[in-house]
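Grab a pencil and get the 3D viewer ready. Let's work through a few exercises together.

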Amino acid sequence: MVRLTMDLIAKNAGHKNRSEEDFGQYLGGNYITVVEGLDKVGELRELHIESQHLPPGEKLLFDPVSLNSLAKSLSVLNISNNNIDELEELAVLENLSYLKAVDNRLKHMEDLEGVLKKWTKLRRIDLTGNPICQKPKYKDRIIVQSLTLESLDGKEIQEMERRFLMNWKASRAARKKSNERKTDEQAANVEFSDFEAPNFTIPLHPSCSVKEKKEKPDFLDLAHKQKGERKPLPRIHERRSQMKTQVEEESEATTT
């Protein structure tokens, strides 16, 4: 494993008297696997460390101490073709204005957006050849996230294009908020309806059940029925018999 050292920087610079700004411009195409030792270089403004000959399956690594030492000075960084799959550790480079990271393994849009929020001075970025370029709305999301960006993947960003995307994002956010509010109101209405009293049907005769009501006799119908079936009283029947006997006796007397 080859580490970046002051001797290696000086060797690739070609001359000991080169300025510190030049040291980082002659490191591409080496066998460096760990970027470290830069805390002793001073205020390095550019670092070109692309296309390192890495062992299979490995990626270029960065020493946190070196990155922190470059946080306020580094403006240009070229890390192309180094199997790099995330940029989170580079977020400390607060003065970065140009990042070239073509032909790497970047694929997570959310991670990139998080770093772009911290690179407030970024003007150019080139991610050509990364899987992330195939993500839906890749270009739109980067343009909206980085308001200082002027060039993406070698193409200039038009201000009218950014304005349109910003308005679209604001409109989408407003619709989302409105839909969430409607959903909350509907949920509240459903919860309130659960507490409403159920409807009860009060019977006309609360003391009687339906069965009892059906079995209760109808006195009017009973009276008519009894009237049709009424039999003569015993006294009336006896009086009629007496009158019949009297008539018969009178009839016999007359005949005699």
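Below are three exercises on this predicted model, each with a worked solution.

**Exercise 1.** Find where Lys117 sits, and decide whether Lys117 is buried or exposed.

*Solution.* Start with the location: Lys117 is in the loop that runs between helix H4 (109-116) and strand S7 (124-126). Next, check the accessibility. Exposed means over 50%, and Lys117 has 55% relative accessibility, so it counts as exposed.

**Exercise 2.** Work out which residues of H4 are buried, and what they pack against.

*Solution.* First, list the buried ones: Met109, Leu112, Glu113, Val115 and Leu116. Then look down the axis of H4: these buried residues fall within an arc of 160°, so they line one face of the helix. Finally, look for their partners, and you'll find S7 and helix H5 (138-145).

**Exercise 3.** Describe the cavities of 30 Å³ or more and what lines them.

*Solution.* Step one is to count: searching the whole structure turns up 2.

Step two, take the largest cavity, with about 80 Å³ of space. Its lining includes Leu112 and Val115, which you met among the buried residues of H4. By class, that lining has 5 nonpolar, 1 polar and 5 charged residues.

Step three, turn to the second largest cavity, with about 40 Å³ of space. Among the residues lining it are Val35, Phe62 and Ser66. Helix H3 (residues 64-70) gives the largest share of this lining, 3 residues. Sorted by class, you get 9 nonpolar, 1 polar and no charged residues.

How values were computed: Residues are numbered from 1 along each chain as its sequence is written. This is a predicted model: local features need pLDDT of at least 70, side-chain atom pairs count only at pLDDT 80 or more; totals for chains, interfaces and linings use all residues. Side-chain values use heavy atoms; hydrogens and water are left out. Helices (H or I, at least four residues) and strands (E, at least two) are DSSP runs, numbered from the N terminus. Buried means under 20% relative accessible area, exposed over 50%, partly exposed in between (1.4 Å probe, protein chains only). The arc is that of the directions from the helix axis to the C-beta atoms. Contact means heavy atoms within 4.5 Å. On a 1 Å grid over the protein atoms alone, a cavity is a set of points where a 1.4 Å probe fits but cannot get out, and a pocket is an open set with protein on both sides within 12 Å along at least five of seven lines; lining residues have an atom within 4 Å of a point. Grid points are joined across faces, edges and corners, and a volume is the space filled by probe spheres set on the points. Ala, Val, Leu, Ile, Met, Phe, Trp, Tyr, Cys and Pro count as nonpolar, Asp, Glu, Lys and Arg as charged, and the others, Gly among them, as polar.
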